[in-house]
Amino acid sequence: MQIATTKLKRPLALLTLCLAFGAARAEPGPGFGGGDFVGRELFRFEHLADELDLDDTQRAAFEQLTSQARSDARPLVRRLVEQHRALRALTEAEVFDEAAVRAQVQNGTPTMVELAVLHTRNLHALRALLTPAQREALEALRPSRPFRP
């Protein structure tokens, strides 16, 4: 049972951090101008169209994909923001309620899963539009930071 518990600790800790801090980026900060952040923060693919030198056909398909991605992501992001607010309220409460914190974190898990699947699905669809040279250019644009669990 110790192995199963250890295997669950990392994903739960990561999920907690994502809920606690990741969703905070979902809300525009002071001076950010408000509005719909999804177009600016979650799916920042538009700059890639220029970087990858997409032709007109690719660009049209690309715009369709990103437009659909934004539409699909909006309700999920709004839900995640609300879940983050609820978790923050629990962290600021006078009395620590572990059961409530666990329930709130578990409540956010399906939303985070859906956002991750949506993002990955769209990246795969984008890559399918690209030529081999454009795929190489896309990989070159990725940050070269090593993965740190």
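The accessible surface of the protein comes to about 10,300 Å², and carbon and sulfur atoms account for 58% of this area. These values, like those that follow, were computed from a predicted model. Of the 149 residues in the protein, 26% are buried.

The protein has five helices and zero strands. Read from the N terminus, the order of elements is therefore α-α-α-α-α, given that helices and strands are numbered from that end. Contacts between residues at least 6 apart in sequence can be sorted by their separation along the chain: 74% of them join residues at least 24 apart.

Two buried residues, Ala49 and Gln58, illustrate how individual positions fit into this arrangement. Ala49 belongs to helix H2, which covers residues 46-51. Its relative accessibility is 2%, and because buried means under 20%, Ala49 counts as buried. When neighbours within four places in sequence are set aside, Ala49 is in contact with Leu54, Arg59 and Phe62. Between Ala49 and Glu63 there are 9.0 Å in space, C-alpha to C-alpha, and the two residues are 14 apart in sequence.

Gln58 is part of helix H3, formed by residues 56-91. With a relative accessible area of 9%, Gln58 also falls under the 20% limit and is therefore buried. Residues up to four places away in sequence not being counted, Gln58 touches Asp53, Leu129, Leu130, Thr131 and Gln134. Two members of this group, Leu129 and Gln134, also lie at short polar distances from the side chain of Gln58, as the table shows.

| Atom or group of Gln58 | Partner | Distance |
|---|---|---|
| Polar atom of the Gln58 side chain | Backbone oxygen of Leu129 | 2.7 Å |
| Side chain of Gln58 | Side chain of Gln134 | 2.7 Å |

The surface of the protein also contains pockets. The second largest pocket has a volume of about 350 Å³. It is lined by 11 residues, and those closest to its centre are His119, Leu123, Leu138, Arg142 and Pro143.

Which helix gives the most to the lining of the second largest pocket? Helix H4 does so, with four residues. At least two lining residues come from each of H2, H4 (98-129) and H5 (132-141). H2, the helix that holds Ala49, thus has a place in the description of this pocket as well. Sorted by class, the lining consists of six nonpolar, two polar and three charged residues.

Terms used:
Residues numbered from 1 in each chain as written. Predicted model: local features only at pLDDT ≥ 70, side-chain atom pairs only at ≥ 80, totals over all residues. Heavy atoms only, no water. Buried < 20%, exposed > 50% of the residue type's maximum accessible area, 1.4 Å probe, protein only. Contact = heavy atoms within 4.5 Å. Areas by Shrake-Rupley, 256 points an atom, 1.4 Å probe, with all protein chains shown as cover. Polar contact = N/O pair within 3.5 Å; in protein donor to acceptor, adjacent residues only side chain to side chain. 1 Å grid on protein atoms, 1.4 Å probe; cavity = no way out; pocket = protein on both sides within 12 Å on 5 of 7 lines; lining within 4 Å. Points joined across faces, edges and corners; volume = space filled by probe spheres on them. Nonpolar A, V, L, I, M, F, W, Y, C, P; charged D, E, K, R; others polar.
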